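Biologist: Could you walk me through the pockets and the helix packing here? Let's pull the structure up first.

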Amino acid sequence: MNKLPDTLQRFVFENTPIRGNLVNLTSTLQLALNKQHLPAGLKRALGELMAASALLTATLKMSGSLVLQIQSKGALKLLVVECNSEFGIRATAKWKGEVSDEQSLFDLISHGQFMITLDPKDGRQAYQGIVSLEGDSISTILENYMLRSEQIDTRIWLHCDGNAAAGMLLQKLPDTMNQVTKTEDLSTQDLDAWNRIGHLAGTITDDELLNLPTETILTRLFHEEDVRLFEASNTKFHCSCSRESVSSMLRMLGNEEITSIIEEQGKIEVNCDFCNAHYSFDKVDATQLMVSEVTTKAHPEVH
């Protein structure tokens with residue numbers, strides 16, 4: 001079993017517009033997925049998507065969360081991964097019918113869409129992009145999305161064996177240099193660097209990606225390049241569910257719906273799809289929820 005630490009490490013290629021990230025997820029993956037009884041193929045797909053979420057989050061200059069979703073009209077209904085700016089990650093899947101361990105993600109998708117959401121969590125409006133699924137791997141889907149929607153050249157390598165996941169990302173940043181006499185020469189040099197470094201990175205194997213430390217990978221792949229490696233950040237499993245957040249969700253149902261559920265079932269029970277935490281609300285709890293809703297509506301603002 002993979003024994004590498006759960007980390008995300010950034011690196012840059014000196015004197016080029018190229019940056020990269022490498023991530024390893026072991027306990028993060030297991031804590032996020034082991035309570036969900038997932039078919040093996042979906043577990044591997046979620047592991048790859050979790051690694052991708054950390055790689056992409058590391059390229060952003062924002063607090064809040066990045067959410068990656070694959071939606072489909074086939075047996076697979078939803079894959080969703082959320083990664084916050086501190087690399088706290090959670091993930092879940094929804095499907096319909098029997099799914100065997102031998103079926104891959106793409107066996108289960110029909111008329112799929114890929115969605116990426118950036119939620120600042122500070123009151124500002126979230127950004128969401130939606131594209132059709134293009135490609136036969138999660139890596140290719142993400143590369144196509146980044147090129148078409150963000151106009152950023154991106155290469156991504158992902159692998160998950162069900163127990164651990166890992167990934168590597170390379171990006172060519174937009175040229176921010178002013179127009180100078182040697183702009184054309186600089187552009188050619190940048191293109192050469194991107195093609196050369198991408199070719200070298202493409203020689204990595206799934207086994208190397210999953211089992212070798214970051215320093216070893218960078219030395220093996222880019223021993224003739226000038227690479228600067230930054231300090232590692234820790235990744236972790238993190239679910240943001242709480243009794244308070246579930247209560248807020250229930251209040252959105254309204255008093256009539258809450259009363260109906262209590263009268264029919266005697267209590268309201270909610271399970272978190274991400275961490276399987278169980279929340280139960282009896283008649284007294286429900287009354288408090290309804291009183292709280294009335295109070296909130298009566299006093300929407302305090303002056």
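Modeller: Sure, and keep in mind that this is a predicted model. Before any pocket numbers: a pocket is an open set of grid points with protein on both sides within 12 Å along at least five of seven lines, and a volume is the space filled by probe spheres set on the points.

Biologist: So what volume does the second largest pocket have, and which helix gives the largest share of its lining?

Modeller: That pocket comes out at about 210 Å³. Both α7 (243-251) and β13 (268-271) put at least two residues into the lining. The lining also divides into six nonpolar, two polar and one charged. With three residues, the largest share comes from α7.

Biologist: And which residues lie closest to the centre of the largest pocket?

Modeller: The largest pocket has a volume of about 310 Å³. Its lining counts 14 residues, and the closest to the centre are Thr59, Leu60, Met146, Glu150 and Ile152.

Biologist: Which elements each supply at least two residues of that lining?

Modeller: By class, the lining of the largest pocket holds nine nonpolar, two polar and three charged residues. The elements that each supply at least two are β6 (113-119) and α3 (138-149).

Biologist: Now α2 and α3: is their crossing left-handed or right-handed?

Modeller: The axes of α2 (residues 40-57) and α3 come within 10 Å and cross at roughly 35 degrees. On the α3 side, the contact uses Ile138, Leu142 and Met146. By class, the contact has seven nonpolar, no polar and one charged residues. As for its hand, the crossing of α2 and α3 is right-handed.

Terms used: Residues numbered from 1 in each chain as written. Predicted model: local features only at pLDDT ≥ 70, side-chain atom pairs only at ≥ 80, totals over all residues. Heavy atoms only, no water. 1 Å grid on protein atoms, 1.4 Å probe; cavity = no way out; pocket = protein on both sides within 12 Å on 5 of 7 lines; lining within 4 Å. Helix = DSSP H or I, 4+ residues; strand = E, 2+ residues; numbered from the N terminus. Nonpolar A, V, L, I, M, F, W, Y, C, P; charged D, E, K, R; others polar. Axes fitted to C-alpha atoms, helices over the stretch in contact; angles between N-to-C directions. Left-handed = near helix turned anticlockwise from the far one by under 90°. Contact = heavy atoms within 4.5 Å.
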